[in-house]
Amino acid sequence: MRNQAYISAKYTADTEAEIMVNIRRAIDAGDTMLKLGYAPIIPHVCMNHNTSWDKAIEHDLGILRSLCPLTDVIVMLPGWEKSLGAQREREEAVKRGIRVVLYDDILMGKL
């Protein structure tokens, strides 16, 4: 079984250009995790971008609920604490015993 890495980060922003930057950051983090041997889960690209926030967060929390606490991780990208969705995702991960790691720590070799 391949370990999975759920990428948690801010999605919403004031402009479409800023949203695209947020999506790119999540994809780049997913690529990093893939190179480290994890199968990345990137919610930023998992559904219709016109989905309501309520439906999107329920979808994303459902994915988190399917992760294995023994092998999988949630990766928190910088700025996650400013995102209500990322805060909820982290809370769900902690509740389920899924390891929470900061992306900056991963970049410094602390996985």
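**Exercise 1. What percentage of the 111 residues of the protein count as buried?**

Start with the term. Buried means under 20% relative accessible area, exposed over 50%, and partly exposed in between, with a 1.4 Å probe and protein chains only. By that cut-off, 38% of the 111 residues are buried.

A note on the basis. This is a predicted model, in which local features need pLDDT of at least 70, side-chain atom pairs count only at pLDDT 80 or more, and totals for chains, interfaces and linings use all residues. Residues are numbered from 1 along each chain as its sequence is written, and side-chain values use heavy atoms, without hydrogens or water.

**Exercise 2. Describe the order of elements, then the compactness of the protein.**

Step one: count. The protein has four helices and four strands. Helices (H or I, at least four residues) and strands (E, at least two) are DSSP runs, numbered from the N terminus.

Step two: order. From the N terminus, the pattern reads β-α-β-α-β-α-β-α.

Step three: compactness. The radius of gyration, taken over C-alpha atoms, is compared with a globule rule of 2.2 Å times the number of residues to the power 0.38. The protein has 13 Å, close to the 13 Å from the rule for 111 residues, so it is as compact as a globular protein of that length.

**Exercise 3. Place Asp60: which element holds it, and is it buried or exposed?**

Asp60 sits in helix H2, residues 53-65. Its relative accessibility is 9%, so Asp60 counts as buried.

Now list its partners. Contact means heavy atoms within 4.5 Å. Neighbours within four places in sequence aside, Asp60 touches Tyr6, Pro43, Met47 and Glu89.
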